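This report introduces one protein structure to a reader who has not met it before. Please keep the sequence and the structure at hand while reading.

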Amino acid sequence: MIMKRYWRMFRPHYADTQRLALPVIIAQVGQITVGLVDNMMIGHLGTTELAAAAFANTLFSLPLIFGMGFAMATTPLVGKAYGKGETEKLHNLKRSAYLTNTLFGLFLALVCFFLYRLMPSMNQPANIVIPSQKIFSIIGASVLPLMIFLSGKQLAEGLSNTRLAMVVTLVANLINIFGNYVLIHGKLGAPELGLYGAAWSTLAARIFMAVTMSVFIHRLALLKKVNKHEDIKELFGQVHALVKLGIPMGLHIFSEASAFIVAGIMIGWISDTALAAHQIVISLSSFGFMLYQGIGVGTTIRISQFSARQVPSLIKRASRASFQIVIMMVLIISSAFIVLRNWLPQLFTSDAEVIALASKMIIVLVIFQVFDAVQIIYSSILRGMADATVPGIFTVISYFGIAIPFSYWAAFIGGFGEIGIWLGFPLGLSICGLLFHFRYQKLLKKTILLSS
């Protein structure tokens with residue numbers, strides 16, 4: 001009887017969250033699959049090529065991840081306006097989102113230029129520096145079209161439309177895979193570009209994403225112009241709101257992702273074999289992360305709309321439902337990783353030393369995935385409540401105050417070597433999740449008081 005009541009209470013939340021999350025998960029699994037294919041194709045060119053691609057892509061993730069986090073500010077603002085039925089505000093948010101993210105994309109392009117110049121000074125293996133710089137110079141140009149694509153993606157998600165980004169992303173993934181095949185190996189009369197062919201293919205796919213998403217967003221009825229007078233003051237007011245929310249959100253996402261990036265740089269100090277193994281396990285880790293992040297996107301959308309209506313009971317139930325979904329996902333994915341830990345690295349390389357090291361890293365990956373899933377859902381809930389500054393501070397403390405220093409100690413002082421780099425993440429993620437839990441409880445109590 002109790003189980004039936006429990007099921008009736010949470011079943012609608014399971015269904016609605018999964019309905020929103022499934023297109024996101026499909027799109028993100030598609031992206032990860034393309035990343036895996038990229039690494040497999042490059043890995044079979046050689047260990048040096050895989051290490052060079054790993055360094056370039058790892059470094060590019062610094063501005064890319066910050067930009068993705070910054071663009072996420074659009075979703076809760078659109079979600080709240082949509083929840084309140086403020087159609088005129090939705091059009092103004094479209095204009096301000098595209099303006100803000102385009103300008104931020106130009107800023108990130110400048111950041112990429114400076115990172116390119118600094119690459120030779122990052123103490124990486126000498127044989128990968130030049131090819132890494134060439135790759136980085138190509139994929140760095142894709143940051144602007146990506147920010148334009150993200151403008152449309154976050155707008156659509158705020159309107160509970162997660163299918164649009166899924167379709168655009170999946171088609172772009174097919175373009176990327178086809179481009180890899182043609183440009184890496186010189187098929188269909190194209191030049192044989194080897195390692196650099198994958199970078200050019202990635203750039204082309206991201207330009208396609210920006211153009212296609214912008215066309216579809218322009219045609220969405222809910223975002224069409226509904227007022228005759230352009231209110232410049234309101235436009236810049238919304239730009240300010242997006243920046244105010246976007247900077248801490250970007251910092252939050254950036255801190256987590258850059259901790260792994262810094263780990264990749266540190267592991268490059270040990271050997272190119274260690275860096276290649278690290279890239280393999282990061283690719284596998286991204287698969288689980290994107291699944292949990294998909295549930296997180298659905299959670300953010302629903303929480304933002306419930307927050308606009310000031311319904312704390314629905315916020316609480318939707319949050320609990322999301323936790324239950326991701327814990328089940330963690331159990332399934334972690335079991336698969338444990339069983340297949342000796343086989344999965346063979347998909348990327350035939351180097352026995354890299355395979356053995358990667359299989360050990362997968363064990364640590366399984367441990368920290370539980371904490372990662374929990375903090376993803378908490379951060380998604382807080383994002384839906386338009387709370388970003390405090391979570392951003394918590395993330396910086398957890399990763400750069402705890403995880404990275406512990407990883408350095410474990411690897412270079414504690415004697416754990418390459419595996420030690422990974423040991424800081426379970427610690428940092430668990431502390432981050434705990435801090436988010438306390439923050440969520442505080443905001444929920446505040447919402448209850450306001451609604452009573």
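The sections below go from the whole chain to individual helices, ring pairs and loops.

## Overall architecture

The model described here is predicted. The secondary structure of the protein chain consists of 14 helices and 0 strands. Read along the sequence, the chain therefore gives the pattern α-α-α-α-α-α-α-α-α-α-α-α-α-α, in which the elements are DSSP runs numbered from the N terminus.

How does the radius of gyration of the chain relate to that of a compact globule? For 452 residues, a compact globule would have a radius of gyration near 22 Å, and the protein chain agrees, because its own value is 22 Å. Along the principal axes, the C-alpha atoms fill a box of roughly 60 × 50 × 35 Å.

## Burial, contacts and surface

Of the 452 residues in the protein chain, 57% count as buried. Contacts between residues at least 6 apart in sequence have also been examined, and 84% of them join residues at least 24 apart.

The protein chain exposes about 18900 Å², and carbon and sulfur atoms supply 68% of that area. With regard to charge, the chain carries 34 positive and 17 negative charges, and the mean positions of these two sets are 14 Å apart.

## Aromatic pairs

How many aromatic pairs does a search of the whole structure find? The search finds 14 aromatic pairs. One of them is formed by F60 and F136, with an edge-to-face arrangement, a distance of 6.3 Å centre to centre and an angle of 75° between the planes. This pair links distant parts of the chain, since F60 lies in helix α2 (residues 47-71) and F136 in helix α5 (residues 126-139), 76 residues apart. F60 has a relative accessible area of 2% and is therefore buried. F136 is buried as well, because its relative accessible area is 1%.

Y378 and Y440 form a tilted pair, because their ring centres are 5.9 Å apart and their planes stand at 50°. Here too the pair links distant parts of the chain: Y378 belongs to helix α12 (residues 352-384) and Y440 to helix α14 (residues 417-451), 62 residues apart. Both Y378 and Y440 are buried. Elsewhere, ring pairs join F66, F70, F104, F107 and F254 into a cluster.

## Helix α3 and its surroundings

Which residues of helix α3 (residues 74-84) are buried? They are T74, T75, P76, V78, G79 and A81. The buried residues of α3 pack against α2, α4 (87-118), α6, α9 (232-268), α10 (272-309) and α12. Just after α3, G85 takes a positive phi of about 75°.

## Contacts of S201 and F371

S201 is located in helix α8 (residues 195-219). Is S201 buried or exposed? With a relative accessible area of 3%, S201 is buried, because the limit for burial is under 20%. Leaving aside its neighbours within four places in sequence, S201 is in contact with I175, N176, G179, N180 and L183.

F371 is located in helix α12. Its relative accessible area is 32%, so F371 is partly exposed. Leaving aside neighbours within four places in sequence, F371 is in contact with P426, L429 and S430. F371 and I431 are 60 residues apart in sequence, and their C-alpha atoms are 8.7 Å apart in space.

## Positive phi angles in two loops

Two loop residues other than glycine deserve a separate note. S160 lies in the loop between α6 (143-158) and α7 (163-185), and its phi is near 65°, a positive value in a residue other than glycine. The relative accessible area of S160 is 22%, so this residue is partly exposed.

A386 is found in the loop between α12 and α13 (389-413). Phi of A386 is near 55°, again a positive value in a residue other than glycine. A386 is partly exposed, with a relative accessible area of 28%.

Notes. Residues numbered from 1 in each chain as written. Predicted model: local features only at pLDDT ≥ 70, side-chain atom pairs only at ≥ 80, totals over all residues. Heavy atoms only, no water. Helix = DSSP H or I, 4+ residues; strand = E, 2+ residues; numbered from the N terminus. Rg over C-alpha atoms; globule rule 2.2 N^0.38 Å. Buried < 20%, exposed > 50% of the residue type's maximum accessible area, 1.4 Å probe, protein only. Contact = heavy atoms within 4.5 Å. Areas by Shrake-Rupley, 256 points an atom, 1.4 Å probe, with all protein chains shown as cover. Lys, Arg positive; Asp, Glu negative; His and termini not counted. Charge placed at Lys NZ, Arg CZ, Asp CG, Glu CD. Phe/Tyr/Trp six-rings, centres within 6.5 Å; stacked < 30°, edge-to-face > 60°.
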